[in-house]
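Let's take a friendly walk through a protein model, going from one residue out to the sheet and its helices. Have the sequence and the 3D view ready.

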Amino acid sequence: MTVSEHEKGEVEIGIIGLGDMGLMYAKRIAKAGWKSVNVCDLPSRYEQLKAKLKDSGLNVLRDGHAVSRKCDFIIYSVEAENIDKVVAEYGPSTKVGSIVAGQTSVKEPEIRAFEKHLPEDVHIVSCHSLHGPTVDPQGQPLVMIQHRATKEKFQLALHILSCLKSQVVVLSYNEHDRIMADTQAVTHVAFLSMGTAWKTQKQFPWETPQYVGGIENVKVHMALRIYANKWHVYAGIAIMNPAAKIQIKQYSQSVSDLFKLMIQEKEEEFTARAGEYVFGKTRNSSREQILLSDSILDQFSLSSVPKDKRKPNSHLSLLAMVDCWHSLKINPYEHMVCQTPLFRLWLGITEYLFCNSDMLDEAIHSALYSKVIRADDMEFYSATKGWAECVDIGNMVTYQRRFEDTSKFFESRFEESNKMGREMIRVIVTKTHK
């Protein structure tokens with residue numbers, strides 16, 4: 001996408017909110033040669049940010065009023081639960097004819113805030129990078145939403161954000177929220193529940209024989225990756241997206257239904273729920289798999305337990321995910337255009353389990369008859385119920401407390417795990433990206 005030097009010199013760009021994503025956007029836009037990148041955060045942070053970013057090429061302004069009055073393209077990079085309050089404060093100051101975008105993970109409240117508080121002579125173009133601030137945006141999905149904007153203004157927004165080198169996906173805000181519910185929300189609650197279950201048992205999974213190698217490495221790294229981030233990123237996706245509540249409630253119900261069948265050892269009924277809707281009737285599918293083999297995944301282990309000491313795992317979290325997709329008639333492959341690295345890994349290990357007859361048979365047998373894994377599955381069941389109830393009630397404070405309580409338990413391994421997790425994502429996406 002060609003951008004003229006005249007545009008880069010004349011267009012004033014603004015970012016309101018300098019959290020991790022806002023700062024990443026600002027630095028990449030400035031590095032791409034846009035001459036006027038104006039940023040702000042809370043007014044109380046003005047002097048601190050001015051000193052911190054003095055040699056960055058970014059122009060730090062005191063508040064959102066200063067950014068809004070000056071800029072031709074403005075991105076609100078704030079938490080979903082705060083978007084209405086922030087736009088109400090700064091929106092009326094928006095420059096005539098400018099473009100306003102938002103970077104929240106839930107678009108319905110964002111669009112509602114823009115329509116309510118922005119002047120009618122302002123263009124609305126929303127965006128969402130489907131990855132975290134530490135992931136290279138090149139090749140990752142970037143959702144763009146032309147909500148209330150001319151073709152020319154939408155093209156300007158695309159020009160500016162082309163510096164991310166992301167894969168642009170154009171959606172409506174309703175389509176965006178539905179896909180995020182189908183992919184991110186349920187994926188997150190599964191990993192959150194794993195972390196809570198391990199914390200409740202005071203168990204580091206990499207020290208336990210049933211969490212060694214292959215699929216288990218993905219579970220451990222991705223759970224720790226979530227808990228190393230900020231709680232509000234995941235709370236907004238789950239609590240403020242109505243469609244997400246439906247998916248999370250069903251996932252919890254699927255865990256509950258399967259766990260009841262497990263403790264009653266109802267093999268025929270349990271096995272009948274295992275995966276045909278999503279992966280087809282033939283387990284050894286000819287479909288090209290997202291993850292290639294244990295030889296890739298085994299490179300990324302925190303565990304010191306030898307692989308030959310590994311004990312079977314029921315993989316209740318994965319069995320329940322497929323049961324949830326089946327119950328809601330969701331085909332996860334339809335959403336690969338909007339895949340996040342986390343969702344690609346989650347779908348990949350689920351596919352890997354269900355398309356390997358021996359591994360799936362071992363998981364089903366372990367689920368039904370292994371007493372060794374039963375305590376872990378009970379804690380996972382309880383954790384899933386707790387997270388689903390928290391989301392259903394919609395209490396941000398409770399969500400934050402649950403999240404941070406588990407996060408503290410694992411924080412000593414965040415640095416090592418995140419480094420290994422980033423490399424895992426890079427290797428797997430490189431080897432399997434289509």
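In which loop is Arg62 found? In this predicted model, Arg62 sits in the loop between S3 and helix H4 (64-70). Its relative accessibility is 45%. Partly exposed covers values between the buried limit of under 20% and the exposed limit of over 50%, so Arg62 counts as partly exposed.

Who touches Arg62? Leaving aside residues up to four places away in sequence, Arg62 is in contact with Cys40, Asp41, Pro43, Tyr46 and Glu47. Val39 and Arg62 are 23 residues apart along the chain, and their C-alpha atoms are separated by 8.6 Å.

Now look at the strands. Val39 stands opposite Val60 in S3. Strand S2 (residues 36-40) pairs with S3 in the parallel sense, over two bridges.

Zoom out to the whole sheet: it is open, has eight strands and mixed pairing, and follows the order S3-S2-S1-S4-S5-S6-S7-S8. Strand S3 (59-60) and strand S8 (167-170) stand at the edges with a single partner strand each, so one side of each has no neighbour in the sheet.

Two helices can be followed against this sheet:

| Helix | Strands touched or crossed | Angle |
|---|---|---|
| H2 (residues 20-31) | lies across S1 (12-16), S2, S4 (73-76), S6 (123-129) and S7 (141-148) | about 165° to S1 |
| H8 (residues 173-200) | touches S6 and S7 | about 150° with S7 |

To find them in the view, start from S7: helix H2 lies across S7, and helix H8 touches S7 as it packs on the sheet.

Conventions. Residues are numbered from 1 along each chain as its sequence is written. This is a predicted model: local features need pLDDT of at least 70, side-chain atom pairs count only at pLDDT 80 or more; totals for chains, interfaces and linings use all residues. Side-chain values use heavy atoms; hydrogens and water are left out. Two strands pair if DSSP finds at least two bridges between them. Helices (H or I, at least four residues) and strands (E, at least two) are DSSP runs, numbered from the N terminus. Contact means heavy atoms within 4.5 Å. Axes are lines fitted to C-alpha atoms, for helices over the stretch in contact, and angles run from 0 to 180 degrees between N-to-C directions. Buried means under 20% relative accessible area, exposed over 50%, partly exposed in between (1.4 Å probe, protein chains only).
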